[in-house]
Amino acid sequence: MTSPIVTRFAPSPTGFLHIGGARTALFNWLYARGRAGRMLLRIEDTDRERSTKEAIDAILDGLKWLELDWDGEVIYQFSRAARHREVAEQLLAAGRAYRCYATAEELDEMRKKARAEGRTRLYNGLWRDRDASEAPAGMKSTIRLKAPLTGETMIEDQVQGRVVWQNENLDDLVLLRADGTPTYMLAVVVDDHDMAVTHIIRGDDHLINAARQKQIYDALEWSVPSMSHIPLIHGPDGSKLSKRHGALGVDAYRAMGYLPAALRNYLVRLGWSHGDQEIFSTEEMIKAFDLPAIGRSAARFDFAKLANLNGHYIRHSDDQSLVTQFEGVLDYVPNGAAVKAKLNLKTRAQLLQAMPSLKERAKTLLELIDASYFIFADRPLQIEPQAAAVLTVETRALVGRLRTALETVSPWNAEATESVMRAFAEESNLKLGAVAQPLRVALTGKTTSPGIFEVLSVLGREECLARLADQASA
């Protein structure tokens, strides 16, 4: 019987959950969920100086917003330091590790010499076969792995294929520092083993770590999990991803008005392909995702593609769900507080009524918020500069006459207001557009909006007549 699939996402809490980390979490989540497995979350907080509670909170919040859940409790690596030390001592007792008493000056000299000679093995094995009795009095030792000096270390990577390192180029790495704290390399191996991780899926910047960790596994006679090292994400120009390209935290994408489902869909297609399919439901992703379909070359981040995909998700979202997500992003946007203060039963109902039209043009929730401004605007409206040019002395007079015509409308709805407006335009020998555009500006402060009859219906009789009166007399 095969072991159940167990993956893990193991971020270091030294900053936000960046976009590359989010994709790694997604790939781990999809692989586990598609095979009735488990995805564990381990916070690798052994770097005590750089690990912060704020970063941990940002990682957890980012995963929750992306709707990537994990199994069991969050595991904090630092809390397992005693177990890591125990394993280091176990290797020492078995003769597969040794105490090293090299001084900082000696280590520095070794590194300089190795680099001058073009060698990647920086430690010269000074204490590999020496007795501890030769150590300087009172000096604390590190514990180093007694790595093989000849032969090869090899992994079969599900993305990179067979990867081989020559052992003569790999150091006897430190397992336990002189102060007794375990190193990252040891902690990761022990944690993955103890957590019964079957598949390690991570960025290919960890590929060199795979060689060192494989040597620890071998020394402990533990089975090595399947490894998959996924290429990093680059900018559109092929260079390393920077903030201008999209190397931002997941919270930044939330603040920019992207939907979690759209971001998940975009991330899954960064480096993984499934024929020509671009749009995936979560269920389709889970069913189709597999590791060998991940390419070996770096994926390129493209904001335009993300925006277009997000627009697709907005257009196909349930209106009530969009109202909820609209509210959820208000805390993250500059004018969000003002809109939030005006959310009540009436404005929520108006927003829901307008949503079918609003969502047709919007690519982000921020664009939705901007387009819905007319619902939440204070009187008298602030008119955008471009729109102000529409309101001339003549058109303001036209707005006043139109207001008088609209006063008679009952009941107030899109059909009734359209009928009166068409009759007004005909009587005035004007095209409907010549009437509709000044009306739009007077009611919304902008030159673009949902259909003018829908705007009239959404705002209601009292508000519309009041706004028209403001502009007619201005």
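**A buried arginine, unusual backbone and an enclosed helix**

A polar contact of 2.8 Å joins the side chains of Arg 42 and Asp 192. The model discussed here is predicted.

Me: Is Arg 42, in strand β2, buried or exposed?
Reply: Arg 42 sits in strand β2, residues 38–43. Residues under 20% relative accessible area count as buried. The relative accessible area of Arg 42 is 0%, so Arg 42 is buried.

Me: Which residue has a side chain joined to that of Arg 42 by a polar contact of 2.8 Å?
Reply: Setting aside residues up to four places away in sequence, Arg 42 touches Arg 8, Phe 9, Ala 10, Pro 11, Ile 75, Gln 77, Val 188, Asp 191, Asp 192 and Met 195. Among these is the residue whose side chain makes the 2.8 Å polar contact with that of Arg 42, namely Asp 192.

Me: Which residues does Val 197 touch, not counting residues up to four places away in sequence?
Reply: Val 197 is placed in the loop between α5 (184–194) and β9 (199–203). With 7% relative accessibility, Val 197 counts as buried. Its contacts, without residues up to four places away in sequence, are Val 6, Arg 8, Asp 192 and Pro 225.

Me: What distance separates the C-alpha atoms of Val 197 and Ser 3?
Reply: Val 197 and Ser 3 are 194 residues apart along the chain. In space, their C-alpha atoms are separated by 9.8 Å.

Me: Where is Pro 380, and what is omega for the peptide bond from Arg 379 to Pro 380?
Reply: Pro 380 is in the loop between α15 (373–376) and α16 (385–388). Most peptide bonds are trans. The bond from Arg 379 to Pro 380 is cis, with omega near -10°.

Me: What is omega for the peptide bond from Ser 410 to Pro 411?
Reply: Pro 411 is found in the loop between α17 (393–406) and α18 (414–427). The bond leading to Pro 411 from Ser 410 is cis, and its omega is near -5°.

Me: Is Ala 36, with its positive phi, buried or exposed?
Reply: Most residues other than glycine have a negative phi. Ala 36 is not a glycine, yet its phi is positive, about 55°. This residue lies in the loop between α1 (19–33) and β2. Its relative accessibility is 74%, so Ala 36 counts as exposed.

Me: What is the relative accessibility of Glu 67?
Reply: Glu 67 lies in the loop between α2 (53–65) and β3 (75–76). Its phi is positive, near 65°, in a residue other than glycine. Partly exposed residues fall between the 20% and 50% cut-offs. Glu 67 counts as partly exposed because its relative accessibility is 49%.

Me: Why is helix α20 described as largely enclosed by the rest of the structure?
Reply: In α20, residues 452–459, the buried residues are Ile 452, Phe 453, Val 455, Leu 456, Val 458 and Leu 459. They pack against α13 (345–361), α15, α17, α18, α19 (432–444) and α21 (461–472). The helix is largely enclosed because the buried residues number six of the eight.

Me: Which residue follows α20?
Reply: The residue after α20 has a positive phi, near 90°. It is Gly 460.

Me: How many residues separate Arg 348 and Ile 375 in sequence?
Reply: Arg 348 lies in helix α13 and is partly exposed, with a relative accessible area of 31%. Apart from its neighbours within four places in sequence, Arg 348 is in contact with Glu 327 and Leu 343. From C-alpha to C-alpha, Arg 348 and Ile 375 are 9.4 Å apart, while their separation in sequence is 27 residues.

Me: What is the radius of gyration of the protein?
Reply: The C-alpha trace spans about 105 × 50 × 40 Å along its principal axes. A compact globule of 474 residues would have a radius of gyration near 23 Å, whereas the protein has 31 Å.

Me: What share of contacts between residues at least 6 apart in sequence joins residues at least 24 apart?
Reply: The protein has 21 helices and 12 strands, and 49% of its 474 residues count as buried. Among contacts between residues at least 6 apart in sequence, the share joining residues at least 24 apart is 75%.

Key: Residues are numbered from 1 along each chain as its sequence is written. This is a predicted model: local features need pLDDT of at least 70, side-chain atom pairs count only at pLDDT 80 or more; totals for chains, interfaces and linings use all residues. Side-chain values use heavy atoms; hydrogens and water are left out. Helices (H or I, at least four residues) and strands (E, at least two) are DSSP runs, numbered from the N terminus. The radius of gyration is taken over C-alpha atoms; the globule rule is 2.2 Å times the number of residues to the power 0.38. Buried means under 20% relative accessible area, exposed over 50%, partly exposed in between (1.4 Å probe, protein chains only). Contact means heavy atoms within 4.5 Å. A polar contact is a pair of N or O atoms within 3.5 Å; within protein, one must be able to donate a hydrogen and the other to accept it, and residues adjacent in sequence count only if both atoms are side-chain atoms.
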